Amino acid sequence: MKHIFRTFLVLFVFQVSFGQNQPDKLIPGRIDRRAVVERHKIIAAKTNPKSPAQVGNGEFAFGVDITGLQTFEPYSTMSHWSWHSAPLPTGMQVEDFNGLHMDTHGRMVRYDIPKDEQPELSSWLASNPHRFNLGRIGFVLLKSDGTKALPGDLENPHQEIDMWSGIITSYFELEGKPVTVKTACHPSSDVIGVSVASSLIKSGQVKVFFDFPYPVNGTHDDYNKPDAHSSGIKKIKENTAIIARKLDDTKYFVTLHWTTEAQFLTGDTIASRHRSYLNPVQTDELEFTCSFSPGENGIPAFTPDEVFGESSKSWREYWESGAAIDLSLSRDERWKELERRIVLSQYLMRVNEAGSYPPQESGLVNNGWYGRFHFEMIWWHGVHYALWNRWPLFEKSLHVYADFLPTSVERATNQGYSGARWPKCTANFDRDWPHPIHALLIWQQPHPIYFAELDYRLHPTKETLEKWRDIVFETAEFMADYSYFEKATNRYILGPPMYIVSENTKPETTFNPAFELGYWRFGLRTAQIWKERLGLKRDNKWDDVLLKLSPLPQQDGV
């Protein structure tokens with residue numbers, strides 16, 4: 001692995017450092033970005049019939065199986081705006097949650113840690129709000145005898161994700177007759193475009209279903225709870241249908257628009273009331289778009305060709321923006337695998353993790369941790385965009401710091417601290433999931449100072465300083481106040497109680513972990529630099545903490 005990265009660094013430094021001033025024979029030339037991306041085209045075939053593959057725009061993503069839709073595998077359709085809360089347990093209110101008081105340097109501080117006497121309320125607070133699956137779209141495939149085709153009935157399946165265009169092309173045969181499917185996502189609207197070509201369409205052996213589940217606590221989809229939600233047909237025009245979805249207090253809309261001859265049909269039983277169909281009429285082609293929106297008029301009716309065209313344009317612009325790496329000149333045989341991982345990572349991050357909120361751990365693939373995002377993990381999910389010079393894709397989610405600043409100040413105040421104490425794991429508003437680790441973890445606290453510094457390095461303007469000013473200063477204020485002055489040793493210490501970055505020590509007795517001490521120094525030192533950039537005096541308390549903060553612990557000279 002060291003050898004791989006050494007090779008990468010040599011190539012990178014050669015092109016960046018020597019490309020401008022050396023003789024022409026030493027200049028490797030501009031990177032052929034399209035060639036780099038296309039030599040890593042994602043292919044699924046018979047050996048991997050489940051696929052999975054995804055199209056998406058960072059805000060919204062649609063997972064598909066080998067058929068180009070969700071025919072046999074109930075993959076997710078997810079967005080950064082799809083949040084749902086189940087009803088509270090009868091007779092309970094959020095304000096009823098008590099939390100746990102712990103000794104913190106001689107004073108009792110309340111932390112959002114569940115207690116045994118409130119298991120039902122604690123469980124509800126953990127799982128609500130949660131992200132949910134917007135719906136499933138798949139084929140109904142019939143064999144010539146009228147029976148439904150199973151995965152094993154598909155012959156010669158082959159699927160390719162063209163990452164340069166964001167278009168998935170899927171091919172399979174049913175009873176010897178070919179089916180070709182193209183799937184893409186619009187770059188700025190939550191719309192998928194689908195084009196299907198096959199003689200099986202005209203013979204009535206191919207139609208499309210739309211099915212909607214009820215989200216059970218953000219952990220799984222239940223398609224067998226018809227009375228728990230509603231799917232009302234809001235409007236049907238000649239080639240457009242709008243489905244109004246309601247899950248408790250959550251509402252959203254699904255708009256179908258087809259450009260080939262087809263009938264829109266709804267389920268005829270109570271059990272199928274949330275299932276609809278698009279049934280082609282006398283044609284070898286079926287083309288449609290399906291859009292998802294929190295509002296009825298949120299998305300215009302695109303045609304599939306418009307979706308494919310905009311997808312191609314947007315992905316080309318993405319790959320041509322920012323930095324690129326070509327490892328093909330390496331003499332190490334592992335270059336191609338390393339480059340493949342670089343390219344695929346950039347595709348997956350763009351699909352899943354470039355939306356209006358920080359992403360959950362699994363992006364928009366499926367729900368983990370109830371679909372919530374972790375504040376300590378924002379760093380890992382987004383900093384790469386700054387390093388590849390694609391800052392706008394990261395910046396669009398960083399509004400959570402300005403949005404959550406008042407509640408984070410309130411959190412700190414309620415615990416007897418000044419400044420802003422940021423949450424650990426939350427959703428689209430600042431109510432931390434009650435949990436011992438969530439309540440006592442601290443290494444996410446300096447993150448916004450790091451993000452502000454990244455922004456300033458890319459945009460060294462007064463506007464950037466003012467945008468982050470309050471966030472940087474309130475963050476530093478908490479960090480300084482959280483640092484406890486131990487008179488006997490004339491030093492400031494971190495903790496206890498606290499969970500460290502590895503989350504594997506006893507919080508009541510843990511203090512002065514190495515990473516947190518180092519990150520605390522970085523945060524306070526950088527915040528002072530921001531004071532100076534704004535023409536303000538250095539903060540005396542921050543300097544005192546920096547001067548007397550405990551040294552890093554050592555073991556065996558490390």
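Here is a walk through this predicted model, from its nonpolar cores to its empty spaces and its salt bridges.

Let's begin with the packing. In soluble globular proteins, nonpolar side chains tend to be buried together. In this model, the largest nonpolar core has 123 residues. If you want to find the spots with the most contacts inside that core, look for Ile137, Val208, Phe210, Phe288, Trp319, Tyr401 and Leu524. Helix α12, spanning residues 462-482, is the biggest giver here, putting ten residues into the core. Apart from this core there is another one, made of seven residues, among them Ile167, Ile299, Phe302 and Phe308.

Phe210 is a handy place to zoom in. Setting aside neighbours within four places in sequence, Phe210 is in contact with Arg136, Ile137, Leu256, His274, Arg275, Ser276, Tyr277, Leu278, Phe288 and Cys290. Two of those names, Ile137 and Phe288, should ring a bell, since they are also on the list of residues with the most contacts inside the largest core. The partners of Phe210 also include Arg136, Arg275, His274 and Ser276.

Now for the empty space. Rolling a probe the size of a water molecule over the atoms shows where empty space is left. Let's take the enclosed spaces before the open one. The structure holds four cavities of 30 Å³ or more, and the largest of them contains about 110 Å³ of space. Its lining is made of 14 residues, with Val36, Val37, Trp319, Ala324 and Gln346 closest to the centre. Trp319 is a familiar name, being among the residues with the most contacts inside the largest core. Two elements give two or more residues to this lining: α2 (33-38) and α6 (335-352). By class, the lining of the largest cavity comes out as eleven nonpolar, one polar and two charged residues.

The second largest cavity has a volume of about 60 Å³. Of its 13 lining residues, Glu353, Pro359, His381, Phe394 and Ser397 lie closest to the centre. Helices α7 (378-387) and α8 (391-395) each supply at least two residues of that lining, and α7 has the largest share, with four. The lining of this second cavity divides into eight nonpolar, four polar and one charged residues.

What about open space? The largest pocket holds about 630 Å³. There are 26 residues lining this pocket, and the ones nearest its centre are Arg110, Asp112, Arg411, Asn414 and Asp432. The elements that give two or more residues to the pocket lining are β7 (107-111), α9 (399-414) and α10 (436-440). Of these, α9 has the largest share, at four residues. The class split for the pocket lining is ten nonpolar, six polar and ten charged.

That brings us to charge pairing. Across the whole structure, a search finds 24 salt bridges. One of them takes us back to α2: the side chains of Glu38 and Arg34 meet with N and O 2.9 Å apart. Why is this pair well placed along the helix? Glu38 and Arg34 are four residues apart in α2, so about one helical turn separates them. Glu38 is partly exposed, at 30% relative accessibility, and Arg34 is partly exposed too, at 44%.

A pair with the matching spacing sits in helix α11 (residues 447-458), where Glu453 and Arg457 are four residues apart and thus separated by about one helical turn. Their side chains form a salt bridge with an N to O distance of 3.9 Å, against a cut-off of 4 Å. Are these two partners buried or exposed? Glu453 counts as buried, with 9% relative accessibility, whereas Arg457 is exposed at 64%.

Further along the chain, Arg538 forms a salt bridge with Asp543, and their closest N and O atoms are 2.7 Å apart. Arg538 has 36% relative accessibility and counts as partly exposed. Asp543 also falls in the partly exposed class, with 25%.

Finally, salt bridges can link up into something beyond a pair: Arg39, Asp326 and Glu339 are joined in a network of them.

Methods:
Residues numbered from 1 in each chain as written. Predicted model: local features only at pLDDT ≥ 70, side-chain atom pairs only at ≥ 80, totals over all residues. Heavy atoms only, no water. 1 Å grid on protein atoms, 1.4 Å probe; cavity = no way out; pocket = protein on both sides within 12 Å on 5 of 7 lines; lining within 4 Å. Points joined across faces, edges and corners; volume = space filled by probe spheres on them. Nonpolar A, V, L, I, M, F, W, Y, C, P; charged D, E, K, R; others polar. Buried < 20%, exposed > 50% of the residue type's maximum accessible area, 1.4 Å probe, protein only. Core = buried A, V, L, I, M, F, W, Y, C linked by side-chain atoms within 4.5 Å. Contact = heavy atoms within 4.5 Å.
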